[in-house]
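Me: I have a model open and want to go through it piece by piece. Short answers, please, each ending on the name or value I ask for.

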Amino acid sequence: MAFYCGTVLRLDLTRLRASTEPLNEEWARLFVGGKGLLLRYLFDELPAGAGALSPENPLILATGPFAGTIAATCSRLAVGCKSPATGALLDSYVGGSFAPELKFAGYDLVVITGRAPEPVLVRITDADVEFVPAAGRYWGLETAVLEQLVREEMGPGAKVLSTGPAGENLVPFACLSTDQFHKAGRGGAGAVMGSKNLKAVAVRGTGAVTAGDTAAFTRDVLRLQEDRVLTVDNAWTYEEGTPFLVDAVSDAGALPTRNWRTGSFDGAGTINSTTLLGIRTKLRACMQCPLACRQVHQFEGYVCEGPEFETLGLCGSNCGVSDLDAIAAFNRECDELGLDTMSTGAIVALAMELCEAGAADYGLRFGDTGAYLRAPRLIAGREGFGAELALGARALAALKGRPELAIEVKGLEMPAYDPRGTFGMGLGYATSDRGACHMRAFSAGDDILGGEGAADSLAGKAQLVADQQDFSAVAWTGIWCANMAVDTDFLGVHFRHLWGRETSHEELMTIGARIWNLGRLLNLREGLRRADDRLPERILSVPHPDGVAAGKVVGAGAFRESLDEYYRLRGWDSAGVPSRETLERLSLTRESGSLDLD
Ligand code: SF4
């Protein structure tokens, strides 16, 4: 199989044993790679109802077939498991260079099971796999220090995927880190790695990826790079990066501000891309990426990549903080400790409102950076007020008797686009397979970023959201970066080399729908139902007092109708269960046969 290594590496941590097996070729044909293969393996490996932090929950690392080639942006890694934040499926993506190195070592996927009796670090050098004791040497280290130490030991070419102190302490929104600043951020994969007594997986590979007709593949990829990648549409990535969104989203009244109480931030001008460009020192890129969107900045006393837009929104405006150095310091703490900045910022903002409402006394105040800057370390260590914040927004708000203040879906804190300023994002969050996520459907592009959609209407959004979800699912088999504007024609050029035949828009979107429906089956098996495809009451019925979106709410009735339409378009019943016809059309009858969905 050109492009694939054809091998899955299994790491049984309970027995400290490594083994290999052939990649399931039928699954590779149906689900391709990345998100698709990740979910298919997860579907088989995860016992129904297993606890997210139990040894039964596998942690799966999946590459795409084009990792290790020159295909633009395809160096990304998919990480998956059952999420400790949501109880739903988790697939999270990270750039850098770990995935190509894994392919060079000879593996398409790594399936990590069980729990090590004592903390370990796994070293992979081609076929050689070592379980190295981590206690006293690696366990407890922050992510950048750990990575540097492992590189000193294995050589500078080693790639490291690690959990930080937050993951060791099982914080449900702990992330995984690689190449220092790259994070598989959302949903708590860092806690799952920590629960396995696994500090990190480090890999070095000396092999190569075969591309079939290498000359023709290279020719096509370089042509696409010229015609479709280095274009005006993608220039924002290296010109400003994601911080350009601060002004655009605030101007649309959709920038979460002071725990989602309004959508326009009066401090946006000090945390926007204009300010960041003034301190930008250089650009960096993930391996295989000519776009180089990673903006490196000089802050007071240190240099780092980011903050990205989501961090600026959730750790900045949503906390009422307009001090860019403070946001960067908060970001750095989260990075080093292995915390998802998005969830951490959202939870700190919630805690600020709880303090303001008299429901808590953490010393956290909107706009005040004192306790704010101490929060990440206290959360990661589960110390002081951090012990309560480490529960996550839903559990924290419930604990304090104010569940309506948690702005989350399925337990995952909401990204930095307020649906009251871009209604379609609400439907996308509600129906996202891993909880509130802006990466699977991004109707804000049509609503507020130059498209022709109506920001304050759900008309037509059900179809848009379903199409975008299916497209993202097939694009993440690749795994192409969501920052790059591509379509099925672009993907099809690569698939022609993968399969040795032409493909079509319909065929690729069917693969996307198959993967999306497999995720639905998995979530239904884990007990999620229509009631989980919801939006917070504040988003549905409490309007902003000011800004462009003032007075607007998504509305419970309009949302219900849109969800009904979305289910109908998907071929699901009114409870959100895929029909037999839908599953047959998508070749998922075998998977559904093992489920009791009544
Ligand atoms: S666009 Fe940015 S995040 Fe995406 S692959 Fe390129 S450098 Fe990495």
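Me: Which residue in E2 does Val8 stand opposite?
Reply: This is a predicted model. Strand E1 covers residues 7-12, and six antiparallel bridges join E1 to E2. Across that pairing, the E2 residue opposite Val8 is Glu21.

Me: In what order do the six strands of the open sheet run?
Reply: The sheet is open and its pairing is mixed. E1 and E2 are joined antiparallel. The full order is E2-E1-E6-E3-E4-E5.

Me: Which strands stand at the edges, each with a single partner strand?
Reply: An edge strand has a single partner, so one side is left without a neighbour in the sheet. That holds for two strands, residues 17-22 and residues 89-94. They are E2 and E5.

Me: What does the twist average from one strand to the next?
Reply: The strands concerned are the six of the open sheet. From one strand to the next, the twist averages 20 degrees.

Me: Which residues surround the ligand, and how do they divide by class?
Reply: The shell holds Thr73, Arg76, Ala285, Cys286, Cys289, Cys293, Arg294, Cys481 and Asn483. Cysteine counts as nonpolar here. The shell therefore divides into five nonpolar, two polar and two charged.

Me: How many cavities of 30 Å³ or more are there?
Reply: The largest has a volume of about 80 Å³. The second largest has about 30 Å³. The count comes to two.

Me: Which helix gives the largest share of the lining of the largest cavity?
Reply: The lining includes Trp516, Gly519, Arg520 and Asn523. By class, the lining has three nonpolar, four polar and five charged residues. The largest share is four residues, from the helix spanning 505-525. That is H21.

Me: How do the lining residues of the second largest cavity divide by class?
Reply: This cavity is lined by Asn259, Trp260, Ala346, Leu350, Ala393, Ile407 and Glu413. Asn counts as polar and Glu as charged. The division is five nonpolar, one polar and one charged.

Me: How many helices and strands are in the protein chain, and what is its radius of gyration?
Reply: The protein chain has 25 helices and 17 strands. For 598 residues the globule rule gives 25 Å, and the chain's value is close to that, so the chain is as compact as a globular protein of that length. Its C-alpha atoms fill a box of roughly 60 × 55 × 50 Å along the principal axes. The radius of gyration is 22 Å.

Technical notes. Residues are numbered from 1 along each chain as its sequence is written. This is a predicted model: local features need pLDDT of at least 70, side-chain atom pairs count only at pLDDT 80 or more; totals for chains, interfaces and linings use all residues. Side-chain values use heavy atoms; hydrogens and water are left out. On a 1 Å grid over the protein atoms alone, a cavity is a set of points where a 1.4 Å probe fits but cannot get out, and a pocket is an open set with protein on both sides within 12 Å along at least five of seven lines; lining residues have an atom within 4 Å of a point. Grid points are joined across faces, edges and corners, and a volume is the space filled by probe spheres set on the points. A residue is near a molecule or strand if one of its heavy atoms lies within 4 Å of it. Two strands pair if DSSP finds at least two bridges between them. Axes are lines fitted to C-alpha atoms, for helices over the stretch in contact, and angles run from 0 to 180 degrees between N-to-C directions. The radius of gyration is taken over C-alpha atoms; the globule rule is 2.2 Å times the number of residues to the power 0.38.
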